[in-house]
Amino acid sequence: MTDKKPTLTTTAGAALPDNQNSMTAGPRGGVMIQDYQLIEKLAHQNRERIPERVVHAKGWGAFGTLKITGDISKYTKARCLQPGAETPMLARFSTVAGELGAADAERDVRGFALKFYTEDGNWDLVGNNTPVFFVRDPYKFPDFIHTQKRHPRTNLRSPKAMWDFWSLSPESLHQVTILMSDRGIPVDPTFMNGYGSHTYSLWNDAGERFWVKFHFKTEQGHKHYTNDEAEKLIGKSRETYQEALFDKVENGDYPRWKVQVQIMPEADADKTPYNPFDLTKVWPHGDYPPIDIGVMELNRNADNYFAEIEQAAFSPSNIVPGISHSPDKMLQARIFSYADAHRYRLGTHYEALPVNAPKCPVHHYHKDGQMNFFGQKTGATDAYYEPNSMGGAVEDRSAMEPPLAIEGDMSRFNHREGNDDFSQPRALFELFDDGQKSRLFDNVAAAMGGVPGEIIERQLALFKQVHPDYEAGVRAALKEAHGYEANAISTPGTPDAAE
């Protein structure tokens, strides 16, 4: 081992003779504009922060391995899902609504994004710790996210906006019930499940398609905070998830999740009483039992958080042969929107960053643009277009998935017509014991502080359609927490008072 230290240089590689003192005209200055070392240092610092994610801004991640122990080869040709396959991967967990500086232990849905570096390219699953979502049509996604962010006048989070939107969107009931339940504040990312949430598809060598739901069940068990516990914890630390995940992996206490799939034959989609491509619905386990297929383990921390976690870019557009998409409207939109967000936030060639780069050979005809540090990836010097006779990369027809039959008139169909938005939340509510129901009522009431009475009554009417006890319990909790009475114009609290 040598004591010789590396030489500090400029980004162009030139040695720096002095990293302590600016170049000035005499001891008192001013500073010389020719001090390129100072200019480079300040200019780089100005650019050290990139735009935070619009959603899922606050996140925590680690690397690991997906090991397949079950056999679903009859459903998929994907090599990463064959028995015995081991695939390196990256997981990033996150809060959805909170900004980059938000506290980790806030009541929020948690993101559960996975990147698998397969031998056939990257496969990304962009999910949450819940199997459903607030909306089923992507047209409403920007509106919903606006309700979770800051009010343009007060610059405060707005309970009024959240409950106004939810009370006008009965499809949100399932997710709202989960969010306001005990599982709304996991102790840390290792104590929660993950779900692909969307319906995806698998296809095999015979050209058969199967619909699939992906589940990741925590082997650490479920642990959650109450509102009071989380409030006290946040007063001590805003980084509890980062601390817990990093320390567990660093100390060899590797978290694990059991990987399961639900499989639906392609033709069954026309037979179910619900739309199996509806992101606000789950598939009953009695109809499509979860199948154990393997284990996901996280066993390595990033060497540099910014490079490997903050710059990690996940998109459901990243699939591999044997895995594909479905008619899920939300998924269809996210195939575009996620990759487009990364092109804006990180740059044109964001997938060439080491954390996003596939581990297999990459050839494409994308040209120039921001961050092209790799030149041409076409496989031949003179092949910069396709088709060509210069030996450039060519298509592989074996990656073509089976055709999907589509029919129907093109229109803007009302997604609420013919949809039952109450049965599944009712089934979930009826699974709760008395203690869980009581905490659900209290959590909803706590989140409704400052919300006008007409919005509260509209939401209570939706709860009543789920179950009369749901409405009655929340109404009693509102009276206890805020002195709320029916027909009141608004409840105490001032988050939206300036509106």
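This section describes the surroundings of four residues, H56, N128, Y338 and T118, in a predicted model. Residues are numbered from 1 along each chain as its sequence is written, and side-chain values use heavy atoms, with hydrogens and water left out. Because the model is predicted, local features need pLDDT of at least 70 and side-chain atom pairs count only at pLDDT 80 or more, while totals for chains, interfaces and linings use all residues.

An unreviewed UniProt entry assigns the feature "active site" to H56 and N128. UniProt positions follow the numbering used here, feature names are shortened, and annotations may be inferred rather than shown by experiment. The two residues span 73 residues in sequence, yet their C-alpha atoms are no more than 10.3 Å apart, so they gather at one spot. Both H56 and N128 belong to the lining of the largest cavity. A cavity is a set of points, on a 1 Å grid over the protein atoms alone, where a 1.4 Å probe fits but cannot get out; lining residues have an atom within 4 Å of a point.

H56 is located in the loop between α1 (36-46) and β1 (59-68), whereas N128 is part of strand β4 (residues 121-128). Helices (H or I, at least four residues) and strands (E, at least two) are DSSP runs, numbered from the N terminus. H56 is buried at a relative accessible area of 13%, and N128 is buried at 8%; buried means under 20% relative accessible area, exposed over 50%, and partly exposed in between (1.4 Å probe, protein chains only). Contact is defined as heavy atoms within 4.5 Å. Leaving aside residues up to four places away in sequence, H56 touches R92, S94, T95, V96, G111 and N128. On the same basis, the contacts of N128 include H56, V96, G111, N193 and Y195. The side chains of H56 and S94 form a polar contact of 2.7 Å (a pair of N or O atoms within 3.5 Å; within protein, one must be able to donate a hydrogen and the other to accept it, and residues adjacent in sequence count only if both atoms are side-chain atoms).

The feature "binding site" is placed by UniProt, in an unreviewed entry, at Y338. Y338 lies in helix α8 (residues 329-345) and is buried, with a relative accessible area of 16%. Beyond four places in sequence, Y338 contacts V126, F314, S315 and P316.

T118 belongs to strand β3 (residues 110-118) and is buried at 5% relative accessible area. A polar atom of the T118 side chain lies 2.5 Å from the backbone oxygen of G121.

Notes
On a 1 Å grid over the protein atoms alone, a cavity is a set of points where a 1.4 Å probe fits but cannot get out, and a pocket is an open set with protein on both sides within 12 Å along at least five of seven lines; lining residues have an atom within 4 Å of a point.
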